[in-house]
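Subject: The model we talked about

Hi,

Here is the structure you asked for, with the sequence alongside. Have a look at it first, and then read on for what turned up.

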Protein chains: 2
Amino acid sequence: MKHHRRNYGQYCGLAAGLDLIGERWTLLIVRELLSGPCRYNELLANLPGIGTNLLADRLKFLGQCGIIRQRCRESSKLRDYELTEQGEGLREAVLALARWGLGMLDQPAPGDIVRPRWAALAIEAILDPSRAGPDEQYEFRIDDEVFHVSVLGGQVTVGHGRAAIGHTLTLTTDSVTFVKIGAGSLNPLEATLTNRLVIDGDEEAVVRCSRMLGLMA
Amino acid sequence: MKHHRRNYGQYCGLAAGLDLIGERWTLLIVRELLSGPCRYNELLANLPGIGTNLLADRLKFLGQCGIIRQRCRESSKLRDYELTEQGEGLREAVLALARWGLGMLDQPAPGDIVRPRWAALAIEAILDPSRAGPDEQYEFRIDDEVFHVSVLGGQVTVGHGRAAIGHTLTLTTDSVTFVKIGAGSLNPLEATLTNRLVIDGDEEAVVRCSRMLGLMA
DNA sequence: CAGTATCCTTCCAGATACTG
DNA sequence: CAGTATCTGGAAGGATACTG
């Protein structure tokens, strides 16, 4: 006998949305899945503190709502979770919230954890596609992970792994430094001078990339 | 002896944002304030189920975070709450979430409540400023409240009350009908035929308005 | 690896009473 | 009117142990 899931009882887009993804941890699970399918234990590892029962509950509910689905890979018996089209539709909302949250962010509190993919989220949140230049790709090396930003016909996408074709710029940094830059609490120039940020590539590309990320006028 | 407010402990824009506005009711309070300053009892009345202590807690916390402030009107001793600039910064995130939630919304469940201002939020969520035409204003009469949409130099704003200058279109409907249209579960043409939606004004203006709201190609 | 099951703590809803 | 204070049952969250 399942009890009613608590909901706001309002016929309103926001309230209805929050009834689905407003509970604790849910949007962070979506954040993880926005950068690609994940296995159960990957989620558990990237969401320190969640507790396995809660993760299972959330995944089950999100599955019932049609926001995520389980993908069974035939090769191995390992299953993983991925966003459905509906779930992918949360990207804009997540980026908007992340952008706002970045603006409210200051220094990391002692004990705070960071992940390279959250820095990648920051990239996606702060970049302005309307300032994109001609087609090219950038490679971001954050801690031990690699991401690429590709500009293609005015469309900008951020993805995991190396750039498909040759990139015009390589940026190397650590997660904290990048999040700080995104939050505006660290000047990219200062980070470069202290060697916490290393940019390698064509000077013109550096200008185009910085402009797109809103780091210079 | 204050307990620690539960937080995610992640140095990430999204997690930091959720630490501030991720708790139950919080974003709905922000939603209310996005359409203008509100008094305590107004909030209480527009958020059925919240409970006075919880509302007080949330308002206090939002105040401490600098997301809202209390405005003391000298004329009367009545105080009201309004968003700070930081709080206003949540508009895009709220609209993005509302847009997504609208897409997931079906029919109102029995017992669901609706408010005209939530329908106004739906207007704001679905309208596409890039499809705005020349300067003009529209007046929306939803239940017993009036809102205006004004197009001014490509900028589109939705506000409470009547349009400042003459409007080229008047739309009359009820909250449920409008939210349904926004959710895509009711065809505006059908609503017009059944008289649940009445549009009055220049035919050209109707086309421009519908286009901006994404109700026609 | 991918979850259940269990136990305990904290938070929330709803009611009510009180204050300036 | 605009809150604060207190109480209570129930639901949600967190930690840990266990299982196919």
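A short definition before the helices: each axis is a line fitted to C-alpha atoms, taken over the stretch in contact, and the angle runs from 0 to 180 degrees between N-to-C directions. Please keep in mind that this is a predicted model.

With that in hand, take helix α6 (residues 91-104) and helix α7 (residues 116-126) of chain A, whose axes lie 9 Å apart at an angle of about 100 degrees. An angle of 65 to 115 degrees counts as roughly perpendicular, and α6(A) and α7(A) are therefore roughly perpendicular to each other. On the α6(A) side, the contact is made by A:L95, A:A98, A:R99 and A:L102, while α7(A) brings A:L121, A:A122, A:E124, A:A125 and A:I126. By class, these contact residues are 7 nonpolar and 2 charged, with no polar ones.

Now to how the two chains meet. Chain A and chain B each put 44 residues into their contact. In chain B, the elements giving two or more residues to that side are α1 (13-21), α2 (26-34), α6 (91-104), α7 (116-126) and α8 (175-183). The most comes from α6(B), with 12 residues. The chain B side has 29 nonpolar, 11 polar and 4 charged residues.

How are the copies related? A turn of 180 degrees with a shift of 0.0 Å along the axis lays chain B on chain A with an RMSD of 0.0 Å, which is the relation of a two-fold axis. Within chain B, B:A93 has the C-alpha nearest that axis, at 2.8 Å. The copies meet through the same surface, because 100% of the interface residues of chain B are also interface residues in chain A.

Chain A also has an open sheet of 5 strands with mixed pairing, in the order β5-β4-β3-β6-β7. At its edges stand β5 (155-160) and β7 (197-201), each with a single partner strand, so one side of each has no neighbour in the sheet. The twist from one strand to the next averages 15 degrees. Strands β3 (residues 136-142) and β6 (residues 169-173) of chain A run parallel and are joined by 5 bridges; A:Y138 has A:L169 in β6(A) as its bridge partner.

Lastly, the DNA. Around DNA strand D there are 20 residues, of which A:R24, B:R39, B:Y40, B:N41 and B:A56 come nearest. Both chains take part: α4 (52-64) of chain A, and α3 (40-46) and α4 (52-65) of chain B, each supply at least two residues of this surface. Its residues divide into 5 nonpolar, 8 polar and 7 charged.

Best wishes

How values were computed. Residues numbered from 1 in each chain as written. Chains lettered and ligands numbered in written order. Predicted model: local features only at pLDDT ≥ 70, side-chain atom pairs only at ≥ 80, totals over all residues. Near = placed C-beta within 6 Å. Helix = DSSP H or I, 4+ residues; strand = E, 2+ residues; numbered from the N terminus. Nonpolar A, V, L, I, M, F, W, Y, C, P; charged D, E, K, R; others polar. Parallel < 35°, antiparallel > 145°, perpendicular 65-115°, else oblique. Contact = placed C-beta atoms within 7 Å. Least-squares fit on C-alpha atoms with pLDDT ≥ 70 in both. Pairing = 2+ DSSP bridges.
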